[in-house]
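Biologist: I have a model open on my screen and would like to know how its labels are earned. Could you take me through the reasoning, label by label?

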Amino acid sequence: MRKNNVLIGVTASIAIYKALEVISLLKKKGCSIRVAMTKEATRFISPVVFQALTNSKVYVDVLEEFDDLSDTNITHISLAKWADVFAIVPATSNIIAKLANGISDDAVSLIGLATKAKKLIAPAMNSDMYLNPITISNINRLKEYGCEFVEPIEGDLACNTKGVGHIADVCDIADKIESMLYEKPLSGKNVIVTAGPTSEAIDPVRYITNKSSGKMGYALAKMAYNLGANTILISGQSCLRAPYGVDFVNVESAEEMLNALKDKIKNLDKAIVVMASAIADFKPKNYQNKKIKKRDMTNKMVIELTENPDLTKEINRFAKDNKIELFSIGFAAETNDLIQNATEKIKKKGLNFIVANDVSRSDIGFSSDENEVSIIYANGKIEKLDKMKKDVVAYEILRRIET
Ligand SMILES: Cc1cc2nc3c(=O)[nH]c(=O)nc-3n(C[C@H](O)[C@H](O)[C@H](O)COP(=O)(O)O)c2cc1C
């Protein structure tokens with residue numbers, strides 16, 4: 001499904017402790033990790049800490065390898081070959097300058113020059129250093145050579161000031177590294193995913209919603225980005241983090257979701273739409289502008305409901321009217337007669353295929369990290385997938401797209 005070997009280059013920035021967090025996150029993602037450090041970096045944190053975290057020898061001294069011929073796995077060339085991704089976290093202005101100019105006088109810059117692995121750089125430095133035209137020119141040069149960057153953000157800096165230069169969020173860095181381990185079969189394609197529940201307002205403080213967590217949709221958006229797509233995630237209320245690299249749009253009601261969908265596809269010739277959100281079928285007929293007071297209710301409160309638009313049907317019609325070629329994938333969350341209900345939906349809504357899952361089970365579906373789905377195609381073919389993690393389900397769904 002993806003490659004696995006990540007070599008982390010660590011340099012002497014105040015943000016060095018973030019490298020430990022990134023490594024922990026990558027370990028949770030199942031990556032194999034090795035570490036190379038500059039000598040200066042070892043004065044900030046001992047290599048022993050990285051060694052303990054990765055269960056592997058840390059590469060620091062470029063000459064030491066000649067004293068240790070028995071361990072050929074730690075020579076810079078074999079490490080450089082071993083890596084699928086070489087990520088420098090954090091990256092000092094010094095290492096950026098060295099890499100941009102082919103200098104290779106420490107373990108990290110030496111591997112930087114020797115490796116053919118994809119390269120990622122997460123800069124961290126004082127804002128005057130980051131905005132110095134020399135650093136900017138070095139960064140641009142490295143970008144021209146194909147290095148990717150997770151740009152630093154505004155935040156607290158070591159020099160007791162605020163400004164740009166604060167290392168990017170560790171989850172973003174780990175997600176970006178993970179994305180670089182994937183092939184890019186969806187490169188150049190537009191994937192729009194809807195996720196989470198919609199909330200239909202009763203009054204300014206109350207609404208009707210459902211139990212969708214958004215996990216399946218977020219996993220799909222993240223995987224679409226990993227596989228190289230230009231990805232947009234339109235999400236109802238969810239406590240999940242917006243995935244790195246994805247254009248994120250937050251909405252509340254079904255109507256807002258439909259408008260966002262139309263807005264995002266209107267200028268495209270072709271798009272893949274994955275409708276993984278749990279859209280409320282009904283909404284309150286009469287929205288009350290002011291909070292309904294308890295004293296105004298009799299002992300019985302009745303909310304009249306009216307039907308929401310069918311987003312899948314509407315978006316297919318909109319695409320047809322505007323000559324946009326859509327490949328659309330729907331989801332069917334059912335508690336009974338799963339296959340029969342899903343098959344009816346695929347015909348009614350003009351989908352390419354539908355992903356059916358049983359939400360009556362607590363071990364899969366809503367809020368769960370795993371799912372067990374069946375994929376039903378327009379031609380009637382049914383494929384039943386085993387129970388698996390939602391990111392693997394996302395991969396299995398996206399690799400079945402034919403456009
Ligand atoms: C406490 C401290 C914090 C530092 N933080 C940074 C930093 O965040 N970014 C940076 O580019 N340099 C920083 N420096 C300067 C580098 O450590 C210095 O340029 C060093 O030579 C870099 O070595 P290396 O790139 O070989 O690891 C810091 C220095 C000190 C003493």
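Modeller: Let's begin with strand 1 (residues 5-10) and strand 3 (residues 85-91), which pair in the parallel sense over four bridges. Please keep in mind that this is a predicted model.

Biologist: What makes strand 1 and strand 3 a pair?

Modeller: Two strands pair if there are at least two bridges between them, and here there are four bridges. The label is therefore earned, since four bridges satisfy a cut-off of at least two. Within this pair, Ile8 stands opposite Ala87 in strand 3.

Biologist: Which sheet do they belong to, and what is its order?

Modeller: An open sheet of five strands, ordered 2-1-3-4-5 with parallel pairing. Strand 2 (32-37) and strand 5 (148-149) are its edge strands, each pairing on one side only.

Biologist: How do you know that helix 5 lies across this sheet's strands, and which ones?

Modeller: Contact means heavy atoms within 4.5 Å. Helix 5 lies across strand 3 and strand 4 (118-123), and runs at about 140° to strand 3. Helix 6 (residues 107-114) also packs on the sheet, where it touches strand 1, strand 2, strand 3 and strand 4. The direction of helix 6 makes about 120° with that of strand 2.

Biologist: Now the ligand. Which residues come nearest?

Modeller: There are 14 residues around the ligand, and Ala12, Ser13, Thr38, Thr92 and Ala124 come nearest. Helix 5 (residues 93-100) gives the most to this shell, with three residues. By type, the shell has seven nonpolar residues, six polar and one charged.

Biologist: Why is the pair between Ser13 and the ligand called a polar contact?

Modeller: A polar contact needs a pair of N or O atoms within 3.5 Å. In the side chain of Ser13, an N or O atom is 2.8 Å from an oxygen atom of the ligand, so the pair meets the cut-off. A polar backbone atom of Ala12 is 2.7 Å from a ligand oxygen atom, and a polar side-chain atom of Asn94 lies 2.9 Å from one. As for cover, the ligand taken alone exposes 650 Å², and the protein buries 67% of that.

Biologist: What makes strand 12 and strand 20 edge strands?

Modeller: They belong to an open sheet of eight strands with mixed pairing, in the order 12-11-8-13-16-17-19-20. Strand 12 (247-250) and strand 20 (382-384) each have a single partner strand, so one side of each has no neighbour in the sheet. From one strand to the next, the twist averages 15°.

Biologist: How many bridges join strand 13 to strand 16?

Modeller: Six bridges, between residues 270-275 of strand 13 and residues 325-334 of strand 16, which run parallel. Six bridges satisfy the cut-off of at least two, so these strands count as a pair. Lys270 has Glu325 as its bridge partner in strand 16. Helix 13 (residues 338-349) packs on this sheet, touching strand 16, strand 17 (353-358), strand 19 (373-377) and strand 20.

Biologist: What lies 3.2 Å from the backbone oxygen of Lys270?

Modeller: A polar atom of the Asn190 side chain. That distance of 3.2 Å falls within the 3.5 Å cut-off, so this is a polar contact too. Asn190 is in strand 8 (residues 190-195), and the residues Asn190 touches include Asn230, Leu268 and Ile272.

Terms used:
Residues are numbered from 1 along each chain as its sequence is written. This is a predicted model: local features need pLDDT of at least 70, side-chain atom pairs count only at pLDDT 80 or more; totals for chains, interfaces and linings use all residues. Side-chain values use heavy atoms; hydrogens and water are left out. Axes are lines fitted to C-alpha atoms, for helices over the stretch in contact, and angles run from 0 to 180 degrees between N-to-C directions. A residue is near a molecule or strand if one of its heavy atoms lies within 4 Å of it. A polar contact is a pair of N or O atoms within 3.5 Å; within protein, one must be able to donate a hydrogen and the other to accept it, and residues adjacent in sequence count only if both atoms are side-chain atoms. Accessible areas come from the Shrake-Rupley method with a 1.4 Å probe; for residues, only the protein chains shown count as cover. Ala, Val, Leu, Ile, Met, Phe, Trp, Tyr, Cys and Pro count as nonpolar, Asp, Glu, Lys and Arg as charged, and the others, Gly among them, as polar. Lists of a residue's contacts leave out its neighbours within four places in sequence.
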